[in-house]
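Trainee: I should like to request a close look at a single part of this structure. Please take one aromatic residue as the starting point and work outwards from there.

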Amino acid sequence: MEKIFIIAARIEAFTWFGLITGMYFKYNLEVTDLGVWLFGRLHGIAFLIYFVVAIVAAGRLRWSAWHSILAILAAIPPLATLPLEVWFTKKGILSVPIAEDQAT
């Protein structure tokens with residue numbers, strides 16, 4: 001589950017970056033709208049996949065309500081899934097919890 005969440009978070013952040021870059025080329029440089037067309041679609045798919053993965057990970061890894069909500073909301077601001085994924089990894093939140101009967 002850890003690897004799947006990391007991959008989904010990084011792809012979601014990458015497509016956000018592509019969409020922002022595409023918007024820069026479309027609206028500021030007025031060159032092309034190809035980046036917005038392509039990354040808009042890719043980001044929509046990546047957002048939905050990340051959302052589902054975050055919900056499944058929250059259940060399987062027994063995240064607290066706070067971590068679950070934070071993971072879901074991280075998909076809204078641009079590139080926020082990347083630092084969240086790094087923070088979750090450092091804190092061990094993406095690790096599989098040890099069963100209570102195995103802890104003793």
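Mentor: Trp 63 counts as buried in this predicted model, since its relative accessibility is 10% and the limit for that class is under 20%. The ring of Trp 63 pairs with that of Phe 88: the centres are 5.1 Å apart and the planes stand at 75 degrees, so the arrangement is edge-to-face. This pair joins distant parts of the chain, for Trp 63 lies in the loop between H2 and H3, whereas Phe 88 belongs to helix H4, 25 residues apart. Phe 88 is likewise buried, with a relative accessible area of 0%.

The two residues also belong to a wider group, in which ring pairs link Phe 5, Tyr 50, Trp 63, Trp 87 and Phe 88 into a cluster. Several members of this cluster recur in the helix contacts.

Consider H3 and H4. Their axes come within 10 Å and cross at roughly 150 degrees, which makes H3 roughly antiparallel to H4. The crossing of H3 past H4 is left-handed. On the H3 side the contact is formed by His 67, Leu 70 and Ala 71, and on the H4 side by Leu 84, Trp 87 and Phe 88. By class, the residues of this contact comprise 5 nonpolar, 1 polar and no charged.

H3 also packs against H2. The axes of helix H2 (residues 34-60) and helix H3 (residues 65-73) come within 9 Å and cross at roughly 170 degrees, and the two helices are therefore roughly antiparallel to each other. Here H2 contributes Tyr 50, Phe 51, Ala 54, Ile 55 and Ala 58, which meet Ser 68, Ala 71 and Ile 72 of H3. The residues of the contact of H2 with H3 divide into 7 nonpolar, 1 polar and no charged. Ala 71 thus takes part in the contact with H2 and in that with H4. Tyr 50 and Phe 88, both in the aromatic cluster, appear in the H2–H3 contact and the H3–H4 contact, respectively.

One charged residue of H4 deserves separate mention. Glu 85 is found in helix H4 (residues 81-91), and it is buried, with a relative accessible area of 2%. Leaving aside neighbours within four places in sequence, Glu 85 is in contact with Phe 5, Ile 6, Ala 9, Arg 10 and Leu 94. Among these, Phe 5 is a member of the aromatic cluster described above.

Conventions:
Residues are numbered from 1 along each chain as its sequence is written. This is a predicted model: local features need pLDDT of at least 70, side-chain atom pairs count only at pLDDT 80 or more; totals for chains, interfaces and linings use all residues. Side-chain values use heavy atoms; hydrogens and water are left out. Axes are lines fitted to C-alpha atoms, for helices over the stretch in contact, and angles run from 0 to 180 degrees between N-to-C directions. Helices (H or I, at least four residues) and strands (E, at least two) are DSSP runs, numbered from the N terminus. Angles under 35 degrees count as roughly parallel, over 145 as roughly antiparallel, 65 to 115 as roughly perpendicular and the rest as oblique. Contact means heavy atoms within 4.5 Å. Ala, Val, Leu, Ile, Met, Phe, Trp, Tyr, Cys and Pro count as nonpolar, Asp, Glu, Lys and Arg as charged, and the others, Gly among them, as polar. Buried means under 20% relative accessible area, exposed over 50%, partly exposed in between (1.4 Å probe, protein chains only). A crossing is left-handed if the near helix is turned anticlockwise from the far one by less than a right angle, and right-handed if clockwise. Rings of Phe, Tyr and Trp (its six-membered ring) pair if their centres lie within 6.5 Å; planes under 30 degrees apart count as stacked, over 60 as edge-to-face and the rest as tilted.
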